Amino acid sequence: MKCPFCSHPDSKVVDSRPDKGGSAIRRRRECEGCAKRFTTHERIEEMLPLVCKKDGRREPFDRMKIVSGIKKACEKRPISIDEIERLVDRLESKIQESSEREISTTAIGEWLMKELHGMDEVAYVRFASVYRSFRDIGEFMQELQELLKK
């Protein structure tokens, strides 16, 4: 593993343990060049389907894009990074169980909005405003009114 501090190509594992969810291994490493320590996370490489974008492009499923988008929606909200990670874990499990070779961004976005709606309404509205690309304040207000009705 290349050191993030000095780019030395070799490091040794100092400690290994499962992460909180048990879906990955957390490893503490020490660089053999500069002796600084850093943490890595190892996960099983899963065969996830291609994601079909709205413009017709297809690209591999990228967990970090999902996590990043949800983090932005949950910024300054009482939602921990662990909750976000569990949400994305559930999404990945759902996608794998479907056995589909391709999944649309629409399906992913709708599922995430449903989950966020139950977690935090502000995060839900933030995510929906980006995901649904509201053209004007009227569309945004309509979504808020729908939320208030529930």
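Reader: Okay, two strands pair if DSSP finds at least two bridges between them. With that in hand, in which sense do strand 2 and strand 3 pair, parallel or antiparallel?

Author: Good place to start! Keep in mind that this is a predicted model. In it, strand 2 pairs with strand 3, residues 37-43, in the antiparallel sense, and seven bridges hold that pairing. One of the matched pairs is Ala24 with its bridge partner Arg43 in strand 3.

Reader: What links strand 2 and strand 3?

Author: They form a hairpin, with five residues between the two strands. In that turn, Ala35 has a positive phi of about 70°.

Reader: And how many bridges join strand 1 to strand 2?

Author: Seven bridges, and strand 1 and strand 2 run antiparallel. To give one example, Val13 has Arg29 in strand 2 as its bridge partner. Strand 1 and strand 2 also make a hairpin with five residues between them, and here Gly22 in the turn has a positive phi of about 80°.

Reader: What order do those strands take in the sheet?

Author: The order is 1-2-3, in an open sheet of three strands with antiparallel pairing. Strand 1 and strand 3 each have a single partner strand, so one side of each is left without a neighbour in the sheet. On average, neighbouring strands in this sheet are turned by 25° against each other, direction ignored.

Reader: Can we zoom in on Pro18? Where is it found?

Author: Pro18 sits in strand 1, which covers residues 11-18. Opposite Pro18 stands Ile25 in strand 2. Ile25 is also one of the contacts of Pro18 once neighbours within four places in sequence are set aside, and Ala24 is there too.

Reader: Is Pro18 buried or exposed, and why?

Author: Pro18 is exposed, because its relative accessible area is 55% and exposed means over 50%.

Reader: Then what about Glu30, buried or exposed?

Author: Glu30 counts as buried, because its relative accessibility is 18% and the cut-off for buried is under 20%. Glu30 belongs to strand 2, residues 24-31. Beyond its neighbours within four places in sequence, Glu30 is in contact with residues including Ser11, Lys12 and Val14, and also with Ala35, Lys36 and Arg37.

Reader: Changing topic: what order do strands 5, 4 and 6 take?

Author: They form an open sheet of three strands in the order 5-4-6, with mixed pairing. Strand 5 (58-60) and strand 6 (102-104) are its edge strands, each pairing on one side only. Neighbouring strands here are turned by 35° against each other on average, direction ignored.

Reader: How do strand 4 and strand 6 pair, then?

Author: Strand 4, residues 50-52, pairs with strand 6 in the parallel sense over three bridges. Within that pairing, Leu50 stands opposite Glu102 in strand 6. Helix 3, residues 105-119, packs on this sheet and touches strand 4 and strand 6, with its direction at about 60° to that of strand 6.

Reader: Nice. Which residues of the largest nonpolar core touch the most other members?

Author: The core has 26 residues, and the ones touching the most other members are Ile66, Ile70, Leu91, Ile108, Leu112, Leu116 and Phe127. Two or more residues each come from helix 1 (63-73), helix 2 (81-98), helix 3 and helix 4 (121-131). Helix 4 gives the most, with six residues.

Reader: What is Leu116 in contact with?

Author: Neighbours within four places in sequence aside, its contacts include Ile70, Leu87, Tyr124 and Phe127.

Reader: And which residues of helix 4 are buried?

Author: Ala123, Tyr124, Val125, Phe127, Ala128 and Tyr131 are the buried residues of helix 4. Their cover includes helix 1, helix 3 and helix 5 (137-149).

Reader: What happens at the start of helix 4?

Author: A side-chain oxygen of Asp120 reaches to within 3.1 Å of the backbone nitrogen of Val122 there. Just after helix 4, Ser133 takes a positive phi of about 50°.

Reader: Last one! What does the UniProt annotation say about residues 49-139?

Author: The unreviewed UniProt entry annotates residues 49-139 as "domain: ATP-cone". Over that stretch the model is 64% helix and 10% strand, with the end C-alpha atoms 32 Å apart.

Notes
Residues are numbered from 1 along each chain as its sequence is written. Side-chain values use heavy atoms; hydrogens and water are left out. Helices (H or I, at least four residues) and strands (E, at least two) are DSSP runs, numbered from the N terminus. Buried means under 20% relative accessible area, exposed over 50%, partly exposed in between (1.4 Å probe, protein chains only). Contact means heavy atoms within 4.5 Å. Axes are lines fitted to C-alpha atoms, for helices over the stretch in contact, and angles run from 0 to 180 degrees between N-to-C directions. UniProt positions are given in the numbering used here, feature names are shortened, and annotations may be inferred rather than shown by experiment. A nonpolar core is a set of buried Ala, Val, Leu, Ile, Met, Phe, Trp, Tyr and Cys residues joined through side-chain atoms within 4.5 Å. A polar contact is a pair of N or O atoms within 3.5 Å; within protein, one must be able to donate a hydrogen and the other to accept it, and residues adjacent in sequence count only if both atoms are side-chain atoms.
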